[in-house]
Amino acid sequence: MQAALALGQRGLGRVWPNPAVGCILVKEGRVVGRGWTQPGGRPHGEVMALTQAGDAAQGATAYVTLEPCAHTGKTPPCAQALIDARVARVVGALEDPDPRVSGRGFRMLEEAGITVTRNVCHDAALEAHAGFLMRTTLGRPLVTLKMALSADGRIATARGESRWITGPDARRRVHLLRATHDAVLIGAGTARADDPMLDIRDMGMDAQNPVRIVADGSLSLPLTGRLARSARQQPLWLCHRRSADRARARAFTDLGARTLIVAHGPEGELRVDDLLSQLGKAGITRLLCEGGGKLAATLLAAGLIDRLETHHAGLILGGDGLSGVAPLHLSALADAPRFDLESAEVAGPDMICRWRPR
């Protein structure tokens with residue numbers, strides 16, 4: 001099952017809104033089939049493994065990281081494919097909470113005379129499928145906040161200079177992080193100041209570029225910027241208020257961008273809970289937030305950060321530098337969002353820390 005989970009991770013960032021499932025078929029102590037969900041979400045991992053195994057699948061044990069689907073969508077159900085292949089046993093890591101499945105896949109297998117073993121490597125499967133599970137149960141994607149910080153918690157100088165706080169090793173890790181997320185989110189201020197591409201470079205992974213999302217209530221993003229100009233080559237979604245200028249919205253769609261209307265607060269600020277809900281409805285399961293400080297503060301204050309990754313560099317920018325997080329207006333230390341350290345590693349001269357909300 002651990003090997004199947006590792007296979008499934010190959011689909012992260014490329015199979016949404018489907019889960020990134022891994023499947024291994026074993027017969028008489030020998031692996032006869034391996035598969036994982038393919039880009040775009042199909043074929044599913046079970047079908048890939050069964051296709052590779054061919055007739056050897058008969059009598060085999062299938063190790064599957066998520067309950068095989070039991071409904072007919074764009075493809076027939078994987079539970080039926082396993083039944084038709086006449087496997088002898090299915091070992092599952094996790095029940096699928098999707099109401100179209102939710103135990104039905106396992107029951108189909110058992111009713112066909114196949115032995116089913118549940119909850120093997122259950123906790124590891126919860127982590128592997130965290131984004132899919134969150135979208136299915138809460139209607140929003142899993143959110144990872146990434147911040148590149150000086151040792152004193154600054155993301156730029158007072159004049160806004162931020163390239164580069166961290167070194168090339170840490171920046172390569174950011175590209176790997178993008179590859180495991182469906183989309184990257186930034187605020188309009190960061191988009192205007194940095195004119196970023198938010199792609200994956202120098203790693204031979206161009207086909208895994210994420211959807212780029214800008215929280216831009218008034219559609220202030222420059223039409224001549226790199227994000228807008230590359231919208232047909234790499235997806236660009238703009239989240240905005242309903243009152244945003246319609247002519248600008250049309251101009252962006254003409255360039256190939258997608259616009260999403262998001263509810264807003266009394267000051268015109270986009271409501272991040274609705275923003276995430278809209279992204280969930282659009283199929284996004286894993287979202288990487290890369291800036292800036294105001295967006296980070298809004299998500300933190302709303303309790304909507306599920307993973308935190310901080311990249312710390314050994315330089316000091318001082319109190320006049322731009323803070324990594326805008327003011328949270330805390331009245332007491334007890335009100336501060338707290339995270340527990342999960343792991344830490346050295347990346348060249350920098351330190352990468354991964355945290356979970358307490």
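**Close-up views of a predicted model**

**Figure 1. Burial in the whole chain.** Of the chain's 358 residues, 49% count as buried. The model is predicted. Twelve helices and 16 strands make up its secondary structure. The C-alpha trace spans about 70 × 45 × 40 Å along the principal axes. A compact globule of 358 residues would have a radius of gyration near 21 Å, and the chain, at 22 Å, agrees with this. Contacts in the chain with a separation of 6 or more are counted here: 70% of them join residues 24 or more positions apart.

**Figure 2. Surface and charge of the chain.** About 16600 Å² of the chain is accessible surface. Carbon and sulfur atoms account for 50% of that area. The chain carries 44 positive and 37 negative side chains. The centres of these two sets lie 4 Å apart.

**Figure 3. H44 and its surroundings.** H44 sits in a loop, with β2 (30-36) before the loop and α2 (45-53) after it. Is H44 buried or exposed? Its relative accessible area is 16%, so H44 is buried, since buried means under 20%. Leaving out residues up to four places away in sequence, H44 touches N18, T37, C69, T75 and C78. Two cysteines, C69 and C78, are thus among the residues that H44 touches.

**Figure 4. Positions annotated as a binding site.** The "binding site" annotation comes from an unreviewed UniProt entry. The annotation covers A148, W164, T190 and D194. A148 and W164 are taken up in the next two views.

**Figure 5. A148 in its strand.** A148 belongs to strand β6, which runs over residues 142-149. The relative accessible area of A148 is 22%, so this residue is partly exposed. The cut-off matters here, because buried means under 20% and exposed means over 50%. Which residues does A148 contact, leaving aside neighbours within four places in sequence? They are R154, I155, I165, T166 and H311. A148 is one of the positions under the UniProt "binding site" annotation.

**Figure 6. W164 in its loop.** W164 lies in the loop between β7 (154-156) and α7 (168-179). With a relative accessible area of 52%, W164 is exposed, because exposed means over 50%. W164 is also one of the residues that the unreviewed UniProt entry annotates as "binding site". The two annotated residues shown close up thus fall in separate classes: A148 is partly exposed, whereas W164 is exposed.

Conventions: Residues numbered from 1 in each chain as written. Predicted model: local features only at pLDDT ≥ 70, side-chain atom pairs only at ≥ 80, totals over all residues. Heavy atoms only, no water. Helix = DSSP H or I, 4+ residues; strand = E, 2+ residues; numbered from the N terminus. Rg over C-alpha atoms; globule rule 2.2 N^0.38 Å. Buried < 20%, exposed > 50% of the residue type's maximum accessible area, 1.4 Å probe, protein only. Contact = heavy atoms within 4.5 Å. Areas by Shrake-Rupley, 256 points an atom, 1.4 Å probe, with all protein chains shown as cover. Lys, Arg positive; Asp, Glu negative; His and termini not counted. Charge placed at Lys NZ, Arg CZ, Asp CG, Glu CD. UniProt positions renumbered as here; feature names shortened; annotations may be inferred.
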